[in-house]
Each structure stands twice: as structure tokens, then as C-alpha cells.
Amino acid sequence: MNNIPLLDHDSKIPLHQQAEDQLRKLISDNHFRVGDAFPKETDLAKRWGISRNTLRQAISNLVRDGLLERKKRSGTTVRKKKITTDLANWLSFSHEMEDKGTPFKDIKHAVDLMKADKETEERLGIPHGTKVVSLERIRSTGRNPMVYFRSYFHPRVGLTGSENFKKPLYELLDEEFHVVPVYSQEEIRAIAATEKIAAWLKIEPGAPVLERKRLVLDAGRKPIEFNICYYRSDAFTYSIEIKRPI
């Protein structure tokens, strides 16, 4: 317990938020490993000088995000992370993951100028034979691939392929090309991995994956990007919140 950093009681950041941030970092840094028993709430609350209710508020958020699991009798344990991404938060995958304490890195990053295939031509509304800039990325939190992205951009955007795609994509489009994504049309389905998809994600052919196709539009509903993603189903969950009309 002594190697767990203390909270700053003089900070303007609420103590429950500090506790949550510290716990996320400790889990991310493998201070607590998958399957490990979590410290007793009384011990952790005493270490941080906070009430158990304040600590429970932080722990509840980690349980909600799938980082911890509460079980009767056995207590709280660190669980294998299954990343949840929110359909309502589509503008920056990188920022969303960072907010969840799960920063991603590129395992593969490739940019190409190529002739669009038939589906891309139809989605972007471009003539047959048109060349488009293609961005291909395989991303993960560790060594093993977790998600494969491939984006095709409408020539109207003005991309050449030499841009710094290490930046969050939609920030790049906004800052350098004054193109602002506003609408996202999504298609999501479960499929069996083809041999090609299996090779990208290092899984067995036929294993279940989540396929997401996204057409991104500007304020005038003109196509900007057609994007295809494949997520490992053992690592990702898509969530959506729907508000009932009153």
C-alpha cells in the first residue's frame, strides 16, 4: 500500500476523481494485474484519507468501464479489459480511448494513393477509376493487434498522402484543410474473419470480429471519408445510449 501515490487534498480536482484517475493509472501500469485481488476498501480509503463512499464512487466507475469486477465473497478483482467505445463519441477514437485511460499506439501505419474500389466509389460518389488517398492503421494497447482501420478520402478534401497522420485524424482535417466532419453514417455487424482479416488481427480465420463501416460527411452532407474497421470481438464492445422522447 505504501507504494500507492497519495491524493492531493489541496487540489481543486475532487477527491473521487483523483482516486479514479490513480486507480486507472495503477491498472494501466500493471501495478494491479488481471485477476489480482484489489486492496480492501477500508485500507485504500485510509491510505488516501477519504471516506469509503468517496472511494466507492471511483471504483463504481471502473466497474462500469470493465476494469474491475465486484463479486460477493471474493471481493473486487482486476478483470481482463474489454474496451468499450461509444457510438455517440465518434469524432476522435484516440481521444476517447485516452479519456478512458487506454491510450492506443499504431502497430502498422501506411498511406497510399490508389484507385478506389467499387464500394468506395459508390460511397464517396466519385467516378470510376478515381485515385484516392488511403490510410491504413493497425492499432493496439500492447503487442497484439486489436483493431484494423482503413480510410479512403474524397479527392475534394485535398490530401496528398504526405500529411502527418500521427495527429488525430479529424483535427488534421479541420486544422490543415478546414474540413469539419459533422455527420457519421454507421453500419455495424458481426462477421467471421476472413484469412486477410485474421492475418491483420492475429486471430484464427473464422473467429468473430466486429465490422464497422462509416461514411463521414461535412455540414453540407458532402462525403469526406469512407472508413472500414475490424475490431477483435474479444477486446471491444460498442455501446450506444438512446434517449426516449418525452
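Two strands count as paired if DSSP finds at least two bridges between them. In this predicted model, strands β5 (residues 131–140) and β6 (residues 147–153) meet that criterion, with seven bridges joining them. The two strands run antiparallel. Within the pair, Arg137 stands opposite Phe149 of β6.

The protein chain as a whole contains seven helices and 10 strands. Of its 246 residues, 43% are buried. The exposed surface of the chain is about 14200 Å². Carbon and sulfur atoms supply 49% of that area. Contacts between residues at least 6 apart in sequence were also examined, and 58% of them join residues at least 24 apart.

Strands β5 and β6 belong to an open sheet of six strands. The strand order is β4-β5-β6-β9-β8-β7, and the pairing is antiparallel. Strands β4 (105–115) and β7 (183–192) form the edges, each pairing on one side only. Neighbouring strands are turned by 15 degrees against each other on average, direction ignored. Helix α6 (residues 169–177) packs on this sheet. The helix touches β6, β8 (208–217) and β9 (223–232). Its direction makes about 165 degrees with that of β9.

Val133 lies in strand β5. Its relative accessibility is 4%, so Val133 counts as buried. Leaving out residues up to four places away in sequence, Val133 touches Val111, Asp112 and Leu113, as well as Ser151, Tyr152 and Phe153. The same list holds Leu159, Thr160 and Gly161. Val157 is 24 residues from Val133 in sequence, and the C-alpha atoms of the two are 9.9 Å apart.

The largest nonpolar core has 20 residues. Those with the most contacts inside this core are Leu124, Ile197, Leu201, Ile203, Val209 and Tyr230. Five elements each supply at least two core residues: β5, β6, α7 (195–201), β8 and β9. Beyond its neighbours within four places in sequence, Leu201 is in contact with Pro145, Met146, Val147 and Tyr148. Further contacts of Leu201 are Val209, Tyr230, Tyr231 and Arg232. Another core lies apart from the largest one and has 19 residues. Leu7, Leu23, Leu44 and Ile50 are among them.

Six aromatic pairs occur in the structure. In one of them, Tyr148 and Trp200 have ring centres 3.7 Å apart and planes at 0 degrees, so the pair is stacked. This pair links distant parts of the chain, with Tyr148 in strand β6 and Trp200 in helix α7, 52 residues apart. Tyr148 counts as buried because its relative accessibility is 2%. The rings of Phe149 and Tyr231 are arranged edge-to-face, because their centres lie 6.3 Å apart and their planes stand at 75 degrees. Phe149 lies in β6 and Tyr231 in β9, so this pair ties together parts that are 82 residues apart in sequence. Both Phe149 and Tyr231 are buried. Tyr148, Trp200 and Tyr230 form one aromatic cluster. Tyr230 is also listed among the core residues with the most contacts.

Strands β1 (residues 68–71) and β2 (residues 75–78) pair in the antiparallel sense over four bridges. Glu69 has Thr77 in β2 as its bridge partner. Three residues lie between the strands of this hairpin. Arg73 of the hairpin takes a positive phi near 75 degrees.

Positive phi values also occur in loops. His178 lies in the loop between α6 and β7. Its phi is near 55 degrees, a positive value in a residue other than glycine. At 68% relative accessibility, His178 counts as exposed, because the cut-off is over 50%. Lys202 lies in the loop between α7 and β8. Although Lys202 is not a glycine, its phi is positive, at about 55 degrees. Lys202 is likewise exposed, with a relative accessible area of 59%.

Key:
Residues numbered from 1 in each chain as written. Predicted model: local features only at pLDDT ≥ 70, side-chain atom pairs only at ≥ 80, totals over all residues. Heavy atoms only, no water. Axes fitted to C-alpha atoms, helices over the stretch in contact; angles between N-to-C directions. Contact = heavy atoms within 4.5 Å. Core = buried A, V, L, I, M, F, W, Y, C linked by side-chain atoms within 4.5 Å. Buried < 20%, exposed > 50% of the residue type's maximum accessible area, 1.4 Å probe, protein only. Areas by Shrake-Rupley, 256 points an atom, 1.4 Å probe, with all protein chains shown as cover. Phe/Tyr/Trp six-rings, centres within 6.5 Å; stacked < 30°, edge-to-face > 60°.
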